[in-house]
Amino acid sequence: MSNLANGLGKKIRAALDGENAAAEDVRAGRKTFIDYVATRDVRRASGRRLSWLPGVRGLSFGFVGAAAVAAAVFVWMRLPISFQVDSDSGPVAAGNPGDLIEANAVVPTAVRFSEGSSIVLERGGRLRVLSLESNGARVLVEKGAADVAIAHRHAPGKWRFEAGPVTVDVTGTRFRVDWNPEDRSFGIDLKEGSVIVGGDCLPTPRRVQRGDNMRISCGTAAKTKLATTDVPAPAPAGEEKPTPAHSTQALARHELRDVRSSDEGDWRALVAAGHYAEGVRAAEHVGWSRVCRTANAVELLSLADAARLSDQTPRAVEALLALRQRFPGSTSAATGAFSLGRLAFEKRGAYAEAARWFSRYLDEQPDGPLMGDAVGRLMEARHRAGDRPAARRDAERYLQRFPEGPYAGTARAILAD
Amino acid sequence: MLQPKYMVTPLTFARGDDDLIDGLRAGHPGAAAVFYDRYATSVHRTLQSVLGRDADIPDLLQDVFIRAIDRISELQHLDQVRSWLTTIAVFTARAHIRRLARRKWLFLFSPDQTRQRHLEPPSSDARRALRETYRTLDTLPANERIAFVLRYIDGLTLPEAAAAASTSLATLKRRLSRAEKKFIARVREQPLLEQWLQEGTRWTLERQG
């Protein structure tokens, strides 16, 4: 058996390895996978209830009197629902009405309500839960798109979404809503159930049903572009009087202004929210040198990331050099060396300089978490810089340590060259 | 002096192995990148061993990692990752083989099938022999083919191959024995392949004779 494995199997394996398809295939799949991870909360949240709800359902009633239980349930049902905010930039946090909820440019933010409803705010979006009731909430979508899943309950819920001058009244449904405050366009896409869309943009409220989508432009003149069933909606029984559209608009404008003025000087908030270019501008407004002198090591790494991602390479380099100067010997400083190598390699094609930075990272963190990547990149940088003997040594070193690593194909190609 | 209001997280995942699983569970894109970079070549190797040269491998590679990330809660220790990913890769490859078999029945002479055969014109004896090897493996039942490939081409030990194929050791051995007999019998019918294999494995064919 082992002879067969060593003979036939090795022969086929060697022929497969000779195809050299791995590196290309691996690179092709990388971005799709990372994008999937960044957005998977959208899919998870739309079908998931809060994890602590089963605990509530699982309460043992065995030794509790029926009347006391009924009273407790009655009181519980009258209490306003609560919500939690689940984002990448921090732990799951309890939400308060009026809080600004933002999704950064990398990962969506999920808002989960205690009765099972959820909203997933897509990247770059902004919303506030304005008020909470026992069977619903009032939500202001300030910017961007949100996937909404309202839990079906025995009693009709009372959910209202506001986006600019448009209101969406909901009972039990799943839909996606988006609002662009710049061109004042509103859109809704119904996946389940039905909603009533009203507000200043529409002459009369309209019912939007499952499978329909509606786009409204609320520019200077109220223009609508509808792809919906054109059925005027009856006013729901017991519905509260809709908030006047102008007051909603005023609220939205006021709150947006508040957000911008409060965040203008705080580059950290903008970077944490994924507004990288704005974060860099805010740091420049404060004074780039001053920020580089006062920020801590992790913040400097983040600021450099923000500058790198908004194509401001010189700013990124400046922040990283400040990091290395102010925090020598720290892990962050070593990571900074790695990032400097990456910038030199990817943004400027300065391969010899990149090699020096990767080499420095390896000197400072010989067993650091970026070691494999650093050896691989060092090998590639030296090869491109024309230092073939050193590149071959790196290739051997890489294959010895990571025979199946992401740079193994490149290493073999360098050795075979 | 600026007062930080937000926790700022660098996008580069620069933490150790112990934190990688937590980072993946938290959906950290940097952790996902590290995870993929570290294991994609190994997963690719398994898929390629089972399927040979297949145009769908890049898609299947993504499928494996997406399945893995969706089931990341099952994973307790980083040292289990490689075998765990191999199991998912084998499962994915098996589903692909069965899908192809169904498609073959439905579209026996479709242009799609014909085109796939001619995608890569053979440029060397090794490549031609490789293609014939996988044509031969195509004739085996999926489970026998997987047992054969994991043991002989991927070089896994019997317990490793059984774990990767999600089966018992006894079942794997039975599949392996059947696969080996069928494979060798079919190789004998193909002079080119027989000659290529005999160059280094002459005893294999003699042994069967």
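This dialogue explains how to read some features of a predicted model.

Visitor: What should be known about the model and its numbering?

Guide: Residues are numbered from 1 along each chain as its sequence is written, while chains are lettered from A and ligands numbered from 1 in the order in which they are written. In this predicted model, local features need pLDDT of at least 70, side-chain atom pairs count only at pLDDT 80 or more, and totals for chains, interfaces and linings use all residues; side-chain values use heavy atoms, without hydrogens and water.

Visitor: In which helix is the place of B:T136?

Guide: Helices are DSSP runs of H or I with at least four residues, and strands are runs of E with at least two, numbered from the N terminus. B:T136 belongs to helix α6 (residues 125-138) of chain B.

Visitor: Is B:T136 buried or exposed?

Guide: Buried means under 20% relative accessible area, exposed over 50%, and partly exposed in between, with a 1.4 Å probe and protein chains only. B:T136 is buried, at a relative accessible area of 2%. By contrast, A:R174, in strand β10 (residues 174-180) of chain A, is partly exposed at 26%.

Visitor: With which residues is B:T136 in contact, leaving aside its neighbours within four places in sequence?

Guide: Contact means heavy atoms within 4.5 Å. With those neighbours set aside, B:T136 touches B:F183, B:R186, B:Q190 and B:L193. In addition, a polar atom of the B:T136 side chain lies 2.8 Å from the backbone oxygen of B:E132.

Visitor: How many helices and strands does chain A have?

Guide: Chain A has 15 helices and 15 strands, and 49% of its 417 residues are buried.

Definitions and conventions: Polar contact = N/O pair within 3.5 Å; in protein donor to acceptor, adjacent residues only side chain to side chain.
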